[in-house]
Amino acid sequence: MLTDLRNTMEYLGGERDDPPQFLTNAPLWLLRCAVWIAAIALIYAFCGQTSKFIYIDF
Amino acid sequence: MSFTIYAWDRRAGKAERGTLGEYLAFILFFPTMVAGPIKRYQDFLPKLRANPEGWNQDWERGITRILIGLVKKFAVADLLTAWTDHLNARDILLADRRVLLLWLFAYGIKIYADFSGYSDIAIGSARLFGIRVPENFDWPYGRRNIQRFWQCWHISLTRWLTDYVFIPLGGSRVSKPRIYVNILAAMLISGLWHGAGINFILWGLWHGLLLAGHRIWRQWRGSPSSNGAVVFASRIFTFVCVNAGWALFCMDMQTAMLFYRRLVVS
C-alpha cells in the first residue's frame with residue numbers, strides 16, 4: 001500500500017512516466033489537470049516570500 | 001564540477017572525446033549548471049545525440065516537475081522560514097529547549113524541500129529539452145540508517161564522492177582502519193564542497209563518524225533486524241542524527257556551539 005502511495009505521488013509529481021497499476025484505467029488527463037491547477041494555486045498563494053535557494057546561496 | 005568529472009573520465013578513458021559543441025553543451029547545460037544534479041559526460045552525450053522522441057510527454061512531465069518543485073520551494077520551504085529564521089544567537093539564548101528542537105527539525109524539512117524543489121525544477125527544465133538528468137533525492141527522510149540516507153540524499157554528489165574520492169582512496173578493499181579513514185576523508189570533502197568554513201568541515205566529520213559508526217555496528221550485529229518496532233526506531237534515530245547535524249550547516253561555528261550548549265545544558 002505504501003509502495004502504491006509512493007508510486008502515485010511520484011507519478012503525479014512528474015517523476016515517473018507510467019502511472020501505477022491501479023490507476024491505469026483512471027482518467028489520467030483529469031488527474032494531471034488537477035495537479036497543475038492545485039500546484040499553480042499553491043505557487044500563487046505562497047510565492048514572493050524569499051528569492052534564493054539554500055544550496056545556491058549558503 | 002562537470003569539468004572535473006569530464007577531465008577525470010577522459011584521463012581514465014571512460015569518456016569519449018566528443019566535439020567542442022558537445023563539450024560546451026555539457027558544461028553549459030543551464031538547467032544543471034548552477035547546483036546540479038551533477039551529471040556525467042558519458043551519460044549526457046547519448047541523450048544529447050539521440051533524436052528527440054515523445055515531445056508531448058517530455059513537456060507534460062517536465063512542466064509538472066517544475067510546478068511541483070516550485071510548490072516545494074514556496075509552500076513548504078519558504079513557509080518554514082518563519083521558524084528557521086530564529087536560528088540566531090539572540091533567539092537561541094531566549095528560547096526553550098523544546099523550541100530549539102522544533103526549529104532544528106523545521107530546518108531539516110526546509111532544506112529538503114528547498115533543495116529537492118530546486119532539483120525538481122532543474123530536472124524538469126532538462127526534460128523540456130528531452131534530456132533526463134540523474135535524480136537527486138529518493139525519499140531520504142525515513143531511511144533506516146545513515147548509509148541508506150546518503151544513498152537517497154543528494155544522490156549525484158554521493159555518487160561523485162564514491163566514484164572520485166572513496167574508491168580512488170581504496171574504497172572498502174583496504175584494511176579496516178583505512179576504510180574508516182576513507183569514509184571520513186570522503187565526508188570531509190563533502191563538507192568542504194558545501195562551504196569553506198569550519199562548521200561545514202565539522203558537519204562532514206559528523207556524517208563521516210555516523211557512517212563509520214554504522215559500519216562498525218553492522219559488522220558487530222550482522223544483518224539488520226526485520227522487526228517492525230526496530231525498523232521504526234532506526235528510522236527515527238537516523239532522522240534525529242541527520243537533523244542534529246543541520247545546526248552546523250545553517251549557523252556559523254559560534255552560534256552552532258551555543259545552540260548545542262543550550263540544547264544539552266539548559
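This is a short tour of chain B, from its contact with chain A to a few residues and helices worth selecting. Keep in mind that the model is predicted.

**Stop 1: where the two chains touch**

Show both chains and look at the contact between them. Chain B puts in 23 residues and chain A puts in 20 residues. On the chain B side, the elements that give two or more residues are helix 5 (55–77) and helix 8 (97–128). Helix 5 of chain B has the largest share of that side, with 11 residues. Try colouring the chain B side by class: you should get 12 nonpolar, 6 polar and 5 charged residues.

**Stop 2: helix 5 against helix 8**

Stay in chain B and select helix 5 and helix 8 together. How far apart are their axes, and at what angle do they pack? The axes of these two helices of chain B are 7 Å apart, and the angle is about 160°. Angles over 145 degrees count as roughly antiparallel, so helix 5 of chain B is roughly antiparallel to helix 8 of chain B. The crossing of helix 5 of chain B past helix 8 of chain B is left-handed. Where these two helices of chain B are in contact, the residues divide into 12 nonpolar, 6 polar and 9 charged.

Before leaving, pick out Trp55(B), which sits in helix 5 of chain B. Is Trp55(B) buried or exposed? Trp55(B) has 10 C-beta neighbours inside 10 Å, so it counts as exposed. Now draw a distance from the C-alpha of Trp55(B) to the C-alpha of Gly245(B): they are separated by 42 Å, and by 190 residues along the chain.

**Stop 3: helix 13 and its crossing with helix 8**

Gly245(B) is one of the buried residues of helix 13 of chain B, so select that helix next. Helix 13 of chain B has 23 residues and reaches 34 Å from its first C-alpha to its last, close to the 33 Å expected. Its buried residues also include Thr238(B), Val242(B), Trp246(B) and Phe249(B). Show what covers the buried residues of helix 13 of chain B, and you'll find helix 8, helix 9, helix 12 and helix 14 of chain B among the cover.

Take helix 8 of chain B from that list. Its axis comes within 9 Å of the axis of helix 13 of chain B, and the two cross at roughly 85°. Angles of 65 to 115 degrees count as roughly perpendicular, and these two helices of chain B are therefore roughly perpendicular to each other. To see where they meet, show Leu104(B), Phe105(B), Tyr107(B), Gly108(B) and Ile111(B) from helix 8 of chain B, then Val242(B), Asn243(B), Trp246(B), Ala247(B) and Cys250(B) from helix 13 of chain B. This contact has 8 nonpolar residues, 2 polar ones and no charged ones.

**Stop 4: helix 12**

Next, select residues 198–221 of chain B, which make up helix 12. With 24 residues at 1.5 Å each, helix 12 of chain B should span 34 Å, and its end C-alpha atoms are 34 Å apart, so the two values agree. Among its buried residues are Phe200(B), Trp203(B), Trp206(B), His207(B) and Leu211(B). The cover over the buried residues of helix 12 of chain B includes helix 9 (146–152), helix 11 (176–194), helix 13 (228–250) and helix 14 (253–265) of chain B. Just after helix 12 of chain B comes Gly222(B), with a positive phi near 80°.

**Stop 5: two loops**

Most residues other than glycine have a negative phi. Go to the loop between helix 8 and helix 9 of chain B and find Trp139(B). Its phi is positive, near 50°. Trp139(B) has 13 other C-beta atoms within 10 Å, so it is partly exposed.

Arg143(B) lies in the loop between helix 8 and helix 9 of chain B. It has 20 C-beta neighbours inside 10 Å and so counts as buried. Which residues is Arg143(B) in contact with, leaving aside its neighbours within four places in sequence? They are Arg148(B), Phe149(B), Cys152(B), Arg235(B) and Thr238(B). The C-alpha atoms of Arg143(B) and Thr238(B) are separated by 7.1 Å, though the two are 95 residues apart along the chain.

Finish at His154(B), in the loop between helix 9 and helix 10 (155–166) of chain B. Phi of His154(B) is positive, near 45°. His154(B) counts as buried because 23 C-beta neighbours lie inside 10 Å.

Notes:
Residues are numbered from 1 along each chain as its sequence is written. Chains are lettered from A and ligands numbered from 1 in the order in which they are written. This is a predicted model: local features need pLDDT of at least 70, side-chain atom pairs count only at pLDDT 80 or more; totals for chains, interfaces and linings use all residues. Two residues are in contact if their C-beta atoms, placed from the backbone, lie within 7 Å. Helices (H or I, at least four residues) and strands (E, at least two) are DSSP runs, numbered from the N terminus. Ala, Val, Leu, Ile, Met, Phe, Trp, Tyr, Cys and Pro count as nonpolar, Asp, Glu, Lys and Arg as charged, and the others, Gly among them, as polar. Axes are lines fitted to C-alpha atoms, for helices over the stretch in contact, and angles run from 0 to 180 degrees between N-to-C directions. Angles under 35 degrees count as roughly parallel, over 145 as roughly antiparallel, 65 to 115 as roughly perpendicular and the rest as oblique. A crossing is left-handed if the near helix is turned anticlockwise from the far one by less than a right angle, and right-handed if clockwise. The expected span of a helix is 1.5 Å times one less than its number of residues. A residue is buried if 20 or more other C-beta atoms lie within 10 Å of its own, exposed if 12 or fewer, and partly exposed in between; C-beta atoms are placed from the backbone.
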